[in-house]
Amino acid sequence: MGKNRQYKEPRKNLSIRLSAEERSALEKSAADNNMCLAEYVRQLIMAGGILDTNKMKERRDLIEQIARVGNNINQLTRLANMNKSINDAILEMVITLMKEIKGLMNQCLKKWT
């Protein structure tokens, strides 16, 4: 989570002792899931020690795919603004990209619910 996130209560520290191997394994798992160590440990604790990292990877992949599609839409928008008009080919591309986003979202909803 980001620095700008507001919490209702101030957080309190919790200290635990780990061997070098245990800490290294946790750090590797956190890095593999693109999370900081503190967030990874919090997620593990809140999930009862079982963390489905596949969902995290799938969500991250979905976000990247949607970002790419959004980038394509932005490029088409810039092109349309440069021409001061939107032709049918650009509209068709935007519609196709939006359908792609909808399909990706539906795939994820099926997997995550």
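User: Accessible areas come from the Shrake-Rupley method with a 1.4 Å probe; on that basis, what does the accessible surface of the protein chain come to?

Analyst: The model under discussion is predicted. Carbon and sulfur atoms account for 54% of the accessible surface of the protein chain. The whole of that surface comes to about 9500 Å².

User: How many helices and how many strands are there in the protein chain?

Analyst: Read along the sequence, the elements of the protein chain follow the pattern α-α-α-α. The count for the protein chain is accordingly four helices and zero strands.

User: What percentage of the residues in the protein chain do buried residues make up?

Analyst: A residue counts as buried when its relative accessible area is under 20%. The protein chain has 113 residues, and the buried share of them is 16%.

User: Of the contacts in the protein chain with a separation of 6 or more, what percentage is due to residues 24 or more positions apart?

Analyst: One pair that lies beyond 24 positions is Val69 and Glu100, which are 31 residues apart along the chain and in contact. For the protein chain, contacts between residues 24 or more positions apart, taken from those with a separation of 6 or more, amount to 45%.

User: Are α1 and α2 roughly parallel or roughly perpendicular to each other?

Analyst: The axes of helix α1 (residues 20-32) and helix α2 (residues 37-46) come within 9 Å and cross at roughly 95 degrees. An angle of 65 to 115 degrees is classed as roughly perpendicular. The arrangement of α1 and α2 is therefore roughly perpendicular.

User: Which residues in α2 are met by residues in α1?

Analyst: From the α1 side, the participants are Arg23, Leu26, Glu27, Ser29 and Ala30; in α2, they meet Leu37, Tyr40, Val41 and Leu44. By class, the residues of this contact divide into six nonpolar, one polar and two charged. The α2 residues asked for are thus Leu37, Tyr40, Val41 and Leu44.

User: Is Ala30 buried or exposed?

Analyst: Ala30 lies in helix α1. Leaving out residues up to four places away in sequence, Ala30 touches Met35, Cys36, Leu37 and Tyr40. Its C-alpha is also 8.2 Å from that of Val41, eleven residues away in sequence. The relative accessible area of Ala30 is 2%, so Ala30 is buried.

User: Which seven residues does the largest nonpolar core have?

Analyst: In soluble globular proteins, nonpolar side chains tend to be buried together. In this predicted model, the largest nonpolar core consists of Val69, Ile73, Leu76, Ala80, Ile90, Leu97 and Ile101.

User: Which element gives the most to this core?

Analyst: Two or more residues of the core come from each of α3 (53-83) and α4 (88-112). With four residues, the element that gives the most is α3.

User: Which residues does Val69 touch, not counting residues up to four places away in sequence?

Analyst: Val69 is placed in helix α3. Its relative accessible area is 4%, and Val69 is therefore buried. The C-alpha atoms of Val69 and Glu100 are separated by 8.1 Å. The residues that Val69 touches are Leu97, Glu100 and Ile101.

User: By what distance are the C-alpha atoms of Cys108 and Glu58 separated?

Analyst: Cys108 belongs to helix α4. With a relative accessible area of 9%, Cys108 is buried. Cys108 and Glu58 are 50 residues apart along the chain, and their C-alpha atoms are separated by 8.0 Å.

Conventions
Residues are numbered from 1 along each chain as its sequence is written. This is a predicted model: local features need pLDDT of at least 70, side-chain atom pairs count only at pLDDT 80 or more; totals for chains, interfaces and linings use all residues. Side-chain values use heavy atoms; hydrogens and water are left out. A nonpolar core is a set of buried Ala, Val, Leu, Ile, Met, Phe, Trp, Tyr and Cys residues joined through side-chain atoms within 4.5 Å. Buried means under 20% relative accessible area, exposed over 50%, partly exposed in between (1.4 Å probe, protein chains only). Contact means heavy atoms within 4.5 Å. Accessible areas come from the Shrake-Rupley method with a 1.4 Å probe; for residues, only the protein chains shown count as cover. Axes are lines fitted to C-alpha atoms, for helices over the stretch in contact, and angles run from 0 to 180 degrees between N-to-C directions. Angles under 35 degrees count as roughly parallel, over 145 as roughly antiparallel, 65 to 115 as roughly perpendicular and the rest as oblique. Ala, Val, Leu, Ile, Met, Phe, Trp, Tyr, Cys and Pro count as nonpolar, Asp, Glu, Lys and Arg as charged, and the others, Gly among them, as polar.
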